[in-house]
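Thank you all for coming; I would like to walk through one structure this morning, slowly and in order. Please have a look at the sequence and the model before I begin.

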Amino acid sequence: MEAEKVTWLSAERATRSRVAVHESGGAEALDAYSAVVTSVADHLLPRIVQLRVGGHAREGRPDGTGSGVVFAPDGYILTSAHVVGTAAGGIAAFTDGSEVAFEVAGSDPLSDLAVLRVDAGRLAAAELGDADRLRVGQLVVAVGSPLGFAGSVTAGVVSAVGRSLVTREGNASRIVENVIQTDAALNPGNSGGALADASAQVVGINTALAGVGLGLAVPVDAATRRIIAALMRDGRVRRAYLGIAGATRPLPPRVSRALGRSAGIGVHEVVAGSPADQTGIRSGDLILDVDEVPVADAGELARLMTEERIGRAIVLRILRTGEVMRLWAIPVELSG
């Protein structure tokens, strides 16, 4: 019996020891996690503003609310285009309690990005990062003003990358590529706020609440930086327009083998009077490439419709009734 008792006590001590080690490791992990989130929050909170949009924002009766990120010390703020809508300005409230009027320097609903300008001297500015480096499972921190609560911080992980978000302006639509999906809690008012990595670099602008535990953010990448520069410089983003609606369609096996790829853009509709209509593109055609750049979905085509192609002839290689042919089109500027 005594031997059995000793054995049982030894087993109990071993179990307690394992639990203690596990709890200690868990505490250390939690401390490290908390340290990262706290560090990001401390850095970004002074650089995040609550936005009250519209003519009655000063009186506390704004047309809308949201969040913004100071990204340049001379007073430029990045936010979501849907936060400002058609408003010309409003009030930006900082976490230290100060408030200042802002004006909309430029807005681009097709990327859901807008740039605001405030006259408040030198401001602490957040650093824009690179969303292309994000990996699924990576820690991210969302900072904004959900439900009117300024300076709110939530954290989570990158749930997925490479998502797509359809945006619209008037009759035009566009697919925003490489949208970031996160489980960091987002609520109304978070739109326009920062999604940051562990080094406090802003890698995304929170744009939509897609569902319970599911948030989306427009990535900060090379394309985003070009849009921001255009909004600061011109107040708008110019894009080329062909006038087709289409979707990915598999290539016939013979063509697929010859080209070494599997799909192109099947044309569903051609807008009457558009450059595509004038150049002879028909419903049922399959677009293979544009200026020798292969395209297989609407997003790839949209990325090629840049300002540089407005008014300039481009070469479209298409497949029609089993025959590959080339057509020349001259895109016009996309209007809302």
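Let me start with a pair of residues: A245 has E269 as its bridge partner in β15. That bridge belongs to the pairing of strand β14, residues 244-250, with β15, which runs in the antiparallel sense over 7 bridges. β15 also pairs with strand β16, residues 286-290, again in the antiparallel sense, over 2 bridges, and here I265 has I287 in β16 as its bridge partner. Is β15 enclosed or not by the rest of the structure? It is largely enclosed, because 6 of the 8 residues of this strand, which covers residues 263-270, are buried.

Before going further, I should say that this is a predicted model, with a mean pLDDT of 86 for the protein and 85% of its residues at 70 or more. Among the elements, strand β3, residues 76-79, has the highest mean pLDDT, at 98, whereas helix α1, residues 2-44, has the lowest, at 61. Over residues 1-24 the pLDDT is below 50, and this stretch has 0 contacts in the model beyond near neighbours in sequence. Where pLDDT is low, the predicted coordinates should not be read in detail.

Let us turn to β3, then. In β3, Y76 and L78 point one way while I77 and T79 point the other, and all of them are buried. In a regular strand the side chains alternate between the two faces of the sheet. β3 pairs in the antiparallel sense with strand β2, residues 64-72, over 3 bridges, and with strand β6, residues 113-118, over 4 bridges. Y76 stands opposite A72 in the first of these pairings and opposite R117 of β6 in the other. β2 and β3 form a hairpin with 3 residues between them, and G75, in the turn, has a positive phi of about 105 degrees.

L78 brings us to the interior, since it is listed, with L44, V69, F71, V115 and V202, as having the most contacts inside the largest nonpolar core, which has 29 residues. A second, separate core has 20 residues, including A240, A276, I281 and I287; I287 is the residue we met as the partner of I265. In soluble globular proteins, nonpolar side chains tend to be buried together.

A polar residue can be followed in the same way: T182, in strand β9, residues 172-182, counts as buried, because its relative accessibility is 0%. The side chain of T182 reaches the backbone oxygen of V157 at 3.0 Å, and a polar atom of that side chain lies 3.0 Å from the backbone nitrogen of A184.

Finally, the charged residues, where the count comes to 12 salt bridges. E333 and R236 form one of them, with the closest N and O atoms 2.6 Å apart, and this pair links distant parts of the chain, 97 residues apart. E333 is partly exposed, with a relative accessible area of 27%, and R236 is partly exposed as well, at 42%. R317 and D289 form another, at 2.7 Å between the closest N and O atoms, linking strand β18 to strand β16. Both count as buried, R317 at 19% relative accessibility and D289 at 6%.

Notes: Residues numbered from 1 in each chain as written. Predicted model: local features only at pLDDT ≥ 70, side-chain atom pairs only at ≥ 80, totals over all residues. Heavy atoms only, no water. Buried < 20%, exposed > 50% of the residue type's maximum accessible area, 1.4 Å probe, protein only. Pairing = 2+ DSSP bridges. Core = buried A, V, L, I, M, F, W, Y, C linked by side-chain atoms within 4.5 Å. pLDDT = per-residue confidence, 0-100. Contact = heavy atoms within 4.5 Å. Polar contact = N/O pair within 3.5 Å; in protein donor to acceptor, adjacent residues only side chain to side chain. Salt bridge = Lys/Arg side-chain N within 4 Å of Asp/Glu carboxyl O.
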